[in-house]
Amino acid sequence: MHELHIQLKGSRGTAMTLAHLKPPLIRSVGIGNTMLYRMKDQPKGVAAQSGILGQIMPTLRIVETPLMAGDLIFLATDGISEHMDNFRLMSWFSLPLNRFLC
């Protein structure tokens, strides 16, 4: 992320989350308006840190989240609210997965 921050200096910048999924953990780091969700029995959201790659780079903080068989992971940015309630998230993901795949 540091190298990307340097390369993006002088641009509008970007938001980004990087995630490494290796059971039993997800290790992620995010900057800007992004959100990582782990869905199973109870949704767990991991918000990115404030900042903009290319403009304002915080000290990076790696977040570790448990990853178990059957978990569904998705990343979201502008357009899906970080404040979406768990009921709505669970109702979306109780639908067949092929409904979301085009």
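Is F74 buried or exposed? At 14% relative accessibility, F74 counts as buried, because the cut-off for buried is under 20%. This value comes from a predicted model.

**The aromatic pair**

The structure holds 1 aromatic pair. Its members are Y37 and F74, with ring centres 4.7 Å apart. The ring planes meet at 15°, so the pair is stacked; stacked planes are under 30 degrees apart. Y37 belongs to strand β3, residues 35-39. F74 belongs to strand β6, residues 72-76. The pair therefore ties together parts that are 37 residues apart in sequence.

Y37 is also buried, at 3% relative accessibility. The table sets out both partners.

| Residue | Strand | Relative accessibility | State |
|---|---|---|---|
| Y37 | β3 (residues 35-39) | 3% | buried |
| F74 | β6 (residues 72-76) | 14% | buried |

**The sheet**

Strands of a sheet pair through backbone hydrogen bonds, either parallel or antiparallel. Here, an open sheet of 3 strands runs in the order β1-β2-β5. Its pairing is antiparallel. Which strands form the edges? They are β1 (16-22) and β5 (63-66), and each pairs on one side only. From one strand to the next, the twist averages 25°.

Now take the pairing of β1 with β2. Strand β2 covers residues 25-31. The two strands pair in the antiparallel sense over 7 bridges. One bridge can be named: M16 has I31 in β2 as its partner.

Conventions:
Residues numbered from 1 in each chain as written. Predicted model: local features only at pLDDT ≥ 70, side-chain atom pairs only at ≥ 80, totals over all residues. Heavy atoms only, no water. Phe/Tyr/Trp six-rings, centres within 6.5 Å; stacked < 30°, edge-to-face > 60°. Helix = DSSP H or I, 4+ residues; strand = E, 2+ residues; numbered from the N terminus. Buried < 20%, exposed > 50% of the residue type's maximum accessible area, 1.4 Å probe, protein only. Pairing = 2+ DSSP bridges. Axes fitted to C-alpha atoms, helices over the stretch in contact; angles between N-to-C directions.
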